[in-house]
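Subject: Structure for your review

Dear colleague,

I am passing on the structure we spoke about, and my notes follow below it. Please read them alongside the coordinates and tell me where you would like more detail.

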Amino acid sequence: MRIEPLKYERIRSERIDRELTQAQVAQLLHVKQNTYSQYEIGVLNFPLEVVIKLARFYGTSVDYLVGLTDVRQPYPQRR
C-alpha cells in the first residue's frame, strides 16, 4: 500500500505548529469545521481567497502553503 502525502501538507502543518484546531481555523475562514477538514485532506479544493487568507494569517506566501517554494516569508506587499 502506497501512502501519499496530503495535497496541502503545509496548510495542516502551519495549523498544528500554532496549536490551532480545525474548528478555530474554520471559524477564521467563516466555514464549518467539516468543510475545513475536507479542504485539509484534499477532498475539497481550497478556494483561492481561502489560501490567500491563510497565507496572511500564517505570515507566509501562498506559494509556500501550496508547496511551490520552500521560502516561508511572504512577498512584499504592493503600495
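To begin with a single residue, is E14 buried or exposed? E14 is buried, since its relative accessible area is 1%, where buried stands for under 20% relative accessible area, exposed for over 50% and partly exposed for what lies in between, with a 1.4 Å probe and protein chains only.

Two remarks on the basis of these notes come before the rest. This is a predicted model, in which local features need pLDDT of at least 70 and side-chain atom pairs count only at pLDDT 80 or more, while totals for chains, interfaces and linings use all residues. Residues are numbered from 1 along each chain as its sequence is written, and side-chain values use heavy atoms, with hydrogens and water left out.

Salt bridges

Side chains of opposite charge can pair when their charged atoms come close. A salt bridge is taken here as a side-chain nitrogen of Lys or Arg within 4 Å of a carboxyl oxygen of Asp or Glu, and by this rule the model has five salt bridges.

E14 takes part in a salt bridge with R72, at 2.3 Å from N to O. Because R72 lies in the segment after helix 5 and E14 in helix 1, this pair ties together parts that are 58 residues apart in sequence; helices, for this purpose, are DSSP runs of H or I with at least four residues, and strands are runs of E with at least two, numbered from the N terminus. Salt bridges that share partners join E14, R18 and R72 into one network, and within it the side chains of E14 and R18 meet at 2.4 Å, again N to O. Unlike the buried E14, R18 counts as partly exposed at 35% relative accessibility, and R72 also counts as partly exposed, at 39%.

Another of the salt bridges is formed by D70 and R10, whose closest N and O atoms are 2.5 Å apart. D70 lies in the segment after helix 5 and R10 in helix 1 (residues 9-17), so the pair ties together parts that are 60 residues apart in sequence. D70 itself counts as exposed, with a relative accessibility of 65%.

Helix packing

Two packed helices are described by the angle between their axes and the distance between the axes. Helix 2 (residues 22-29) and helix 4 pack at an angle of about 115°, with their axes 11 Å apart, the axes being lines fitted to C-alpha atoms, for helices over the stretch in contact, and the angles running from 0 to 180 degrees between N-to-C directions. That makes helix 2 roughly perpendicular to helix 4, given that angles under 35 degrees count as roughly parallel, over 145 as roughly antiparallel, 65 to 115 as roughly perpendicular and the rest as oblique. The crossing of these two helices is right-handed, a crossing being right-handed if the near helix is turned clockwise from the far one by less than a right angle, and left-handed if anticlockwise.

Loops and surface

Which residues make the nonpolar surface patch of about 260 Å²? The patch is made by I41, V43 and L44. Patches consist of residues with over 30% relative accessible area and no salt bridge, like charges being joined within 9 Å and nonpolar side chains (Val, Leu, Ile, Met, Phe, Trp, Tyr) within 5 Å, and the accessible areas come from the Shrake-Rupley method with a 1.4 Å probe, where for residues only the protein chains shown count as cover. V43 sits in the loop between helix 3 (33-41) and helix 4 (48-58), and V43 is exposed, with a relative accessible area of 55%.

Two residues other than glycine deserve a look at their backbone angles. E19, in the loop between helix 1 and helix 2, has a positive phi near 55° and counts as exposed at 72% relative accessibility. H30, in the loop between helix 2 and helix 3, has a positive phi near 60° and counts as exposed at 67%.

Distances along and across the chain

L65 lies in helix 5 and counts as buried at 1% relative accessibility; L65 and L54 are 11 residues apart in sequence, with 8.4 Å between their C-alpha atoms. Q33, which belongs to helix 3, is partly exposed at 37%, and its C-alpha is 6.0 Å from that of Q22, 11 residues away in sequence.

With best regards
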